[in-house]
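Reader: I have a structure here and would like to go through its sheets and its nonpolar cores. Could we take them in turn?

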Amino acid sequence: MIDVTNINFKYNIENLYNNLSIRILKGEHIVLIGPNGSGKSTFLKLVAKELTPDSGEVLYEPNIKVGYLDQYMELNKEQLVSNYLYDVFNNLFLKEAEMNNYYNDISSGNLSDNEINNKLNYAQSIQDYLLDNDFYRVKSLVSNIINGLGLDMDVLNKKIEHLSSGMRSKIILGKLLLEDNDLILLDEPTNFLDQSHIDWLAKFLNEYNNAFVVVTHNEAFLKEIAKVIFDLNNKTINRYKGNYDFYLKESEIRKSQQDKEYESQQRFIKATTDFIEKNITRASTSKRAKSRRKMLNKLQVVEKRFENPTYKFSFPVKTSTGKEVLNITNLEIGYNNKSLLEPLTLVIRSKEKVAITGYNGVGKSTLIKTIIDELPKINGSYVWDKNVNINYLGQDDFYLTSKTPFEVVNQSYFNFDRKSIYSLLASYGINYEMSNRPINTLSGGEQMKIKLALMKNNYGNVLILDEPTNHLDVNAKEALKVALKDYEGTLILVSHDHEFYEEVCDYEISLF
């Protein structure tokens, strides 16, 4: 269906790819893997033709329809969710309206028998078209998607602006799954999904008749859905036709082969270079040296294989709090004086590590934004210890900003010199090139690492993190887990990732 040929692309000075070529075939179920920063999200945007390569081509076969999941796309905030989703079937609704107009004309009694027969035939042909396209199952299809993604049908009556980040992402994903595409491109579709809804999505994709390319760091999920692995590493993609277990075995063999080829070629290059340097100026051997130099210049160089990076995150604490860090009494939270939950009463004590859980839209982020004074409470009270210093990570920072990582760190830590800024970012996996690139061109994982880097020197004795594992690759997630285990303050963690928070937190507060 799609032929990606010799593409190169760079945001700043460093090429993401080295003449990358790959084919996407009809009906393939592909998972695209690779470390944060390798260019996975950019690859999806190039395939979706939302970006244009600096060189090379992305060629579609005629009439191919491609759908792309962009969790950060701008939506009409005033639009109802029902209108947003049912827009997929707009042409069918127009056909239905046309059919009804024919029947209304027929029932008017002002037509001849010939005109009536013609309009009946037109109406019947439209009826057949609607039946062939499952028009009368549209509501059932929408209901299946809504429920499968863990939302209530009431969400259809909400405006986009009243959705939580998780609900908004689910609605965007839901519309894409309803569309009739030959290929869908999904970038981290399991973010904000609970396990039961991840299971539903895996089943949906396994039964999907057309092709997909999914980017995910959720290993259990990719094991469920992958029939082909695209491994994006070292500026190129390798195809593995098989499931994830096959990839793990085969990739080790290929890595070993590449290491041997690289080492062998490096020995050859050194020996040839030494010969050239010794003989290029000698009359008797100059011709041979020049011949070898030409051969060396034409040599296709085997790239050195880079291992996935490791990270070390930390959240130092300088001051302590009293015994009761947060005291909540009969607290009601919500919007426009409408409560999302029953009144909450709880106490969080010093150095406790607490997970806040619950389904999307229940009010987890609303609770956090209320207790940090970003949203007004409806009723009740919450009292922080007087010595509290909050270090907060929200879901919605960055994404659309054109500022660079260097600029945002410089604004937060104006006393840092250039070397200190670059050193901080590098320790969180953001290299020099990324540090000087607009943040809206970075992947979700890279953006999350910048947010975590900005928190390091805040020295908060209360750490509040809202879904921090979204977009992080395996190594980064493990580094964050270690940092939170070692954290010496009080932790409030909003998360749907059970495997992550159960190893970190002392107990769980489940909202429902």
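Author: The exchange below covers two sheets, the helices against them, and two nonpolar cores. Please keep in mind that this is a predicted model.

Reader: In what order do S2, S1 and S4 lie in their sheet?

Author: The order is S2-S1-S4, in an open sheet with antiparallel pairing. The twist averages 10 degrees from one strand to the next.

Reader: Why do S2 and S4 have one side without a neighbour?

Author: Strand S2 (20–24) and strand S4 (55–60) are the edges of the sheet, and each has a single partner strand, so one side of each has no neighbour there.

Reader: How many bridges join S1 and S2?

Author: Four bridges link S2 with strand S1 (residues 2–8), in the antiparallel sense. As for individual residues, Val4 has Ile22 in S2 as its bridge partner.

Reader: Which helix lies across these strands?

Author: That is helix H1, residues 40–47, which lies across S1, S2 and S4. Helix H1 runs at about 125 degrees to S1.

Reader: Turning to the other sheet, what is the order of S13, S10 and S15?

Author: This open sheet has three strands in the order S13-S10-S15, and the pairing is antiparallel. Strand S13 (344–349) and strand S15 (379–384) stand at the edges; each has a single partner strand, so one side of each is left without a neighbour in the sheet. On average, neighbouring strands are turned by 5 degrees against each other, direction ignored.

Reader: And which residue in S15 is the bridge partner of Leu326?

Author: Leu326 has Trp384 as its bridge partner in S15. Strand S10 (residues 324–332) and S15 run antiparallel and are joined by five bridges.

Reader: Which helix packs on this sheet?

Author: Helix H11 (residues 364–371) does, touching S10, S13 and S15. The direction of H11 makes about 115 degrees with that of S10.

Reader: Now the interior. Which residues have the most contacts inside the largest nonpolar core?

Author: They are Leu85, Val142, Ile171 and Leu205, in a core of 53 residues. Helix H6 (residues 165–178) gives the most to this core, with seven residues.

Reader: What does Leu205 touch, leaving out residues up to four places away in sequence?

Author: With those left out, Leu205 touches His29, Ile184, Leu186, Phe212, Val214, Phe221 and Ile225.

Reader: And how many residues are in the second core?

Author: The second core has 39 residues and is separate. Among them are Phe315, Ala355, Ile430 and Ala479.

Methods: Residues are numbered from 1 along each chain as its sequence is written. This is a predicted model: local features need pLDDT of at least 70, side-chain atom pairs count only at pLDDT 80 or more; totals for chains, interfaces and linings use all residues. Side-chain values use heavy atoms; hydrogens and water are left out. Two strands pair if DSSP finds at least two bridges between them. Helices (H or I, at least four residues) and strands (E, at least two) are DSSP runs, numbered from the N terminus. Axes are lines fitted to C-alpha atoms, for helices over the stretch in contact, and angles run from 0 to 180 degrees between N-to-C directions. Contact means heavy atoms within 4.5 Å. A nonpolar core is a set of buried Ala, Val, Leu, Ile, Met, Phe, Trp, Tyr and Cys residues joined through side-chain atoms within 4.5 Å. Buried means under 20% relative accessible area, exposed over 50%, partly exposed in between (1.4 Å probe, protein chains only).
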